[in-house]
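Here are some exercises to work through with the sequence and the 3D view side by side. Try each task on your own before you read its solution.

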Amino acid sequence: MNIMSISRRRFAQLLGVGAAAVVVRPPLSFAKPTQPDATSSTTGGTIVRLSANENPYGPSPKALKAMTDYFGLACRYPDEHNNILIDKLAKLNNVDHDQILLGDGSSEILQLCADTFAGKDRGKLIAADPTFEAIINNASVNGAEVVKVPLTNSFSHDLPKMAAVAQEGLIYICNPNNPTASITPRNELHDFIAKAPRDTMILVDEAYFHYADSPDYESMIPLVRDHPNLIVARTFSKIYGMAGLRCGYCVAQRETIKQLRAHQMWDSVNIMALAAAIANLDDSNQVPSGQRLTSEAKAFTISELDKMGYKTIPSQANFIMFDCKRPVVPLIQALKQRNVQVGRLFPALPNYMRLTIGKRNEMETFLSAFGQVTA
Ligand SMILES: Cc1ncc(COP(=O)(O)O)c(C=O)c1O
């Protein structure tokens, strides 16, 4: 078969064939960099990396198979395959094809939102404190004024305060929020989006959507239909295990998508990421199995920390944030020396540690090292 001249229909069929094949999932732990699956190591030791909210189980075996099947397409621009993924995402989210924009990770979507709506001449960025900082950096580089609004006592976005300072520009709402893993209740968000001035754009970042199971949590994608100023971002980096491949997207009304696309580099999502994302969506096991494994390891970790006297902010994500009752920076450094990487300092919460939920054995290693560095 000549894979170079493959038709779009054939491509979809092939992904189906790939999806049906049984593939053994290769090991995805951190090992020496000379090994193909390696990502990090120290002098011979294995690092336990619980610092970047990645998914240690990786993408679906079907995604791994799809990528190897598509090595032959590496010399082609990915236009058709962009469309295949967009069609799937449009169907999944019950929106039209032209309401989806793919990005090189959702980081690209965040940057496009900052470039389009926040800057010296465009308007300010309003964000929570603490929250995921990427878009704050993007907007600052554009010369935008950045207004940080502290989270409430229950670690949700303080929407009334954010609304009070809104005026054109962009409001960034990370839900569940990174680094606190907390949610902003759906009723409050509905109300906020309904009342926000139309000339102020609202970006809801749902990177951790699949890990949230609270009845108070809901995606804002269905609201896009009635709200031209709403953009919702999603990523394949978390439950789909594709952080190293880079693929994300947003849903918005078509005029907004057009505005964002005007700032975008052409063909920013590569063919391997597209093949993997399409196959991941075709694996009905990928999401529930990631949810179950993470939830089990999370419950174990929270309960062990609780026994040690450390309280965790209620988590709706694949990471937790807990009060370590002392400045976190020396602990981060001491853990690093024991080959355990945890989240960085978030200056608004200097005594809190952000910890990614890895596999059970990784959490056991963390707990043992944490016991040593706090003894
Ligand atoms: C809230 C949030 N949004 C966006 C991203 C960026 O993800 P990516 O660019 O890998 O899609 C991250 C990464 O950790 C995140 O935590």
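**Exercise 1. The chain as a whole**

Find out what share of the 375 residues of the chain counts as buried, and how many helices and strands there are.

*Solution.* Start with burial: 46% of the 375 residues count as buried. Keep in mind that this is a predicted model. Next, count the elements: the chain has 12 helices and 11 strands. Finally, look at the contacts between residues with a separation of 6 or more: 73% of them join residues 24 or more positions apart.

**Exercise 2. The open sheet**

Work out the order of the strands in the open sheet, and decide which strands form its edges.

*Solution.* Step one is the order. The 7 strands of this sheet follow one another as 2-8-7-6-5-3-4, and their pairing is mixed. Step two is the edges: strand 2 (100-103) and strand 4 (146-150) each pair on one side only, which makes them the edge strands. Step three is the twist: on average, neighbouring strands are turned by 25° against each other, direction ignored.

Now zoom in on one pair. As a reminder, strands of a sheet pair through backbone hydrogen bonds, either parallel or antiparallel. Strand 6 (residues 201-205) and strand 7 (residues 230-235) pair in the parallel sense, over 4 bridges. Within this pair, I202 stands opposite L230.

Last, add a helix to the picture. Helix 5 (residues 134-141) lies across strand 3 (125-129), strand 4 and strand 5 (170-174). Helix 5 runs at about 145° to strand 3.

**Exercise 3. The two faces of helix 11**

Which residues of helix 11 are buried, and why do they line one face of the helix?

*Solution.* First, list the buried residues of helix 11 (residues 328-337): V328, I332 and L335. Seen down the axis of helix 11, these buried residues fall within an arc of 70°, so they line one face. The spacing rule helps here: an α-helix has 3.6 residues a turn, so residues three or four places apart point the same way.

Then ask what the buried residues touch: they pack against strand 10 (340-342), strand 11 (352-356) and helix 12 (360-374). Turn to the face away from the buried side, and you meet the exposed residues P330, Q333 and Q337. Just after helix 11, N339 has a positive phi of about 65°.

**Exercise 4. Around the ligand**

Describe the residues that surround the ligand.

*Solution.* Begin with the number: 13 residues surround the ligand, and the closest are G105, S106, S107, T235 and S237. Then sort this shell by character: 4 residues are nonpolar, 8 polar and 1 charged.

Key:
Residues are numbered from 1 along each chain as its sequence is written. This is a predicted model: local features need pLDDT of at least 70, side-chain atom pairs count only at pLDDT 80 or more; totals for chains, interfaces and linings use all residues. Two strands pair if DSSP finds at least two bridges between them. Axes are lines fitted to C-alpha atoms, for helices over the stretch in contact, and angles run from 0 to 180 degrees between N-to-C directions. Two residues are in contact if their C-beta atoms, placed from the backbone, lie within 7 Å. A residue is near a molecule or strand if its C-beta atom, placed from the backbone, lies within 6 Å of it. Ala, Val, Leu, Ile, Met, Phe, Trp, Tyr, Cys and Pro count as nonpolar, Asp, Glu, Lys and Arg as charged, and the others, Gly among them, as polar. A residue is buried if 20 or more other C-beta atoms lie within 10 Å of its own, exposed if 12 or fewer, and partly exposed in between; C-beta atoms are placed from the backbone. The arc is that of the directions from the helix axis to the C-beta atoms.
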